[in-house]
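Colleague: Hi! I've just opened this one and could use a friendly tour. Can we go through it together?

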Amino acid sequence: EADMDDNALEAAATRSFRAKHESVYASERECARYDTELCRCQDHAGNLRRELHALAPRLGGGGSAADIGAGTGKLTRLLAPTCGRVHAFDRSAGALAVARAASAAAAHISFDEADARCLPLPDGSVDVALAGWALSYLKSEHEVWHADGSYGGAWREEVDAALREMDRVLVEGGVAILLETMGTATETPQRDGSHLYAHYRARGFSQRVVRTDYRFESRRAALATLGFFFGKGVARRAEALLADVADDGEACFVPECTGVWWRVKHCETTQ
């Protein structure tokens, strides 16, 4: 019975996650808010850039990259200064409009509407294929929760289709990199038992965790922004962490753990 209760809670959380983020990405205005108030506050210490360059040294030598599920362009902007070419893809026209406006002066970046499972790129055309916080959305769209609390759906097949597409566009020796949140407003990684993360490992991806802590201009801004995107649970955790911080006039920091999975393409790589 306890397992069924836990499954019911997870099913409700999945539905809430999907509905909240669908509403954000359907509106260019909400995408702009998401980019300005959340994305640009994330990873204030620059850990992601260092991590990506360590995993894929070609990023620092003018290599080419595909940013899959690019959203409003956070990772695109991170890759652009040292990449010779960045191809950014997303299904949300509103998100891409925000990303395009922020990088309008960069001629070596292209933005196109595309699904992670069908990228408009030739075989073997990029050095790095990066999917940041993207495949979890694919999972949420295709997982099925049943009335008895059991769980299924064809999400593994859909995620595998995206992984095959990443391999297809990579050059031999290129690197596929996946990023997913492993806990916001917590200093220790959560969700290590996630079915999705276990699936990545089963597909030959190595895993590590990097801190991508947020810096907000005030406690008030932190709680409003985290509630807007992540919901009440994360906002409540942050509120407890920031209990001694004044509402306004004082910058504050909210911890976050991000999982990083990577795999080098070899001829024998299969899904």
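Colleague: Which residues of helix H5 are buried?
Modeller: Helix H5 runs over residues 93–102, and its buried residues are Gly 94, Ala 95, Leu 96, Val 98 and Ala 99. Bear in mind that this is a predicted model.

Colleague: And what covers the buried residues of H5?
Modeller: The cover includes helix H2 (28–38), together with strand E2 (85–90) and strand E3 (109–113).

Colleague: Let's stay with E2 for a moment. Is Phe 89 buried or exposed?
Modeller: Phe 89, which lies in strand E2, has a relative accessibility of 1%, so it counts as buried.

Colleague: What does Phe 89 touch, leaving out residues up to four places away in sequence?
Modeller: Quite a list! Among them are Ala 66, Asp 67, Ile 68, Gly 69 and Ala 70. Leu 96 is also one of the residues that Phe 89 touches, and Leu 96 is one of the buried residues of H5 too. Other partners of Phe 89 include Asp 112, Ala 114 and Pro 120.

Colleague: How far apart are the C-alpha atoms of Phe 89 and Gly 73?
Modeller: They are separated by 9.4 Å, with their positions 16 residues apart along the chain.

Colleague: Changing topic to the whole chain. How many helices and strands are there?
Modeller: The chain has ten helices and eleven strands.

Colleague: What about its radius of gyration?
Modeller: It is 18 Å, and a compact globule of 271 residues would come out near 18 Å, so the chain agrees with that expectation. The C-alpha trace spans about 50 × 50 × 30 Å along its principal axes.

Colleague: What share of the residues is buried?
Modeller: Buried residues account for 50% of the 271. As for the outside, the chain exposes about 12200 Å², and 51% of that comes from carbon and sulfur atoms.

Colleague: Of the contacts with a separation of 6 or more, what share joins residues 24 or more positions apart?
Modeller: That share is 73%.

Colleague: And how many positive and negative side chains are there?
Modeller: There are 32 positive and 40 negative ones, and the centres of the two sets lie 3 Å apart.

Colleague: Back to helices. Which residues of H3 are buried?
Modeller: In helix H3 (residues 47–55) they are Leu 48, Glu 51, Leu 52 and Leu 55. They cover an arc of only 95° around the axis, which puts them on the same side of H3.

Colleague: Which exposed residues sit on the face turned away from that side?
Modeller: Those are Arg 50 and Ala 54.

Colleague: And what do the buried residues of H3 pack against?
Modeller: They pack against helix H4 (74–79) and four strands by name: E4 (126–132), E7 (170–184), E8 (206–211) and E11 (256–264).

Colleague: I noticed Trp 133. What is its phi?
Modeller: Its phi is about 55°, a positive value although Trp 133 is not a glycine. For background, most residues other than glycine have a negative phi. Trp 133 lies in the loop between E4 and helix H6 (135–142), and its relative accessibility of 17% is under the 20% cut-off, so it counts as buried.

Colleague: Where is Ala 185, and what is its phi?
Modeller: Ala 185 is in the loop between E7 and helix H8 (195–202), and its phi is near 65°, again positive in a residue other than glycine. With 5% relative accessibility, Ala 185 counts as buried.

Colleague: H8 came up there. What does His 199 touch, not counting residues up to four places away?
Modeller: His 199, which has its place in helix H8, touches Trp 155, Arg 156, Val 159 and Asp 160. His 199 is buried, with a relative accessible area of 6%.

Colleague: One more pair. Where does Tyr 151 lie, and what is it in contact with?
Modeller: Tyr 151 lies in strand E6 (residues 151–153). Leaving aside neighbours within four places, its contacts include Lys 139, Trp 145, His 146 and His 195. Tyr 151 is partly exposed, at 21% relative accessible area.

Colleague: And Phe 253?
Modeller: Phe 253 has its place in strand E10 (residues 252–254) and is partly exposed, with a relative accessible area of 43%. Beyond residues up to four places away, Phe 253 touches His 44, Tyr 214, Arg 215 and Leu 242.

Terms used
Residues numbered from 1 in each chain as written. Predicted model: local features only at pLDDT ≥ 70, side-chain atom pairs only at ≥ 80, totals over all residues. Heavy atoms only, no water. Helix = DSSP H or I, 4+ residues; strand = E, 2+ residues; numbered from the N terminus. Rg over C-alpha atoms; globule rule 2.2 N^0.38 Å. Buried < 20%, exposed > 50% of the residue type's maximum accessible area, 1.4 Å probe, protein only. Contact = heavy atoms within 4.5 Å. Areas by Shrake-Rupley, 256 points an atom, 1.4 Å probe, with all protein chains shown as cover. Lys, Arg positive; Asp, Glu negative; His and termini not counted. Charge placed at Lys NZ, Arg CZ, Asp CG, Glu CD. Arc of directions from axis to C-beta.
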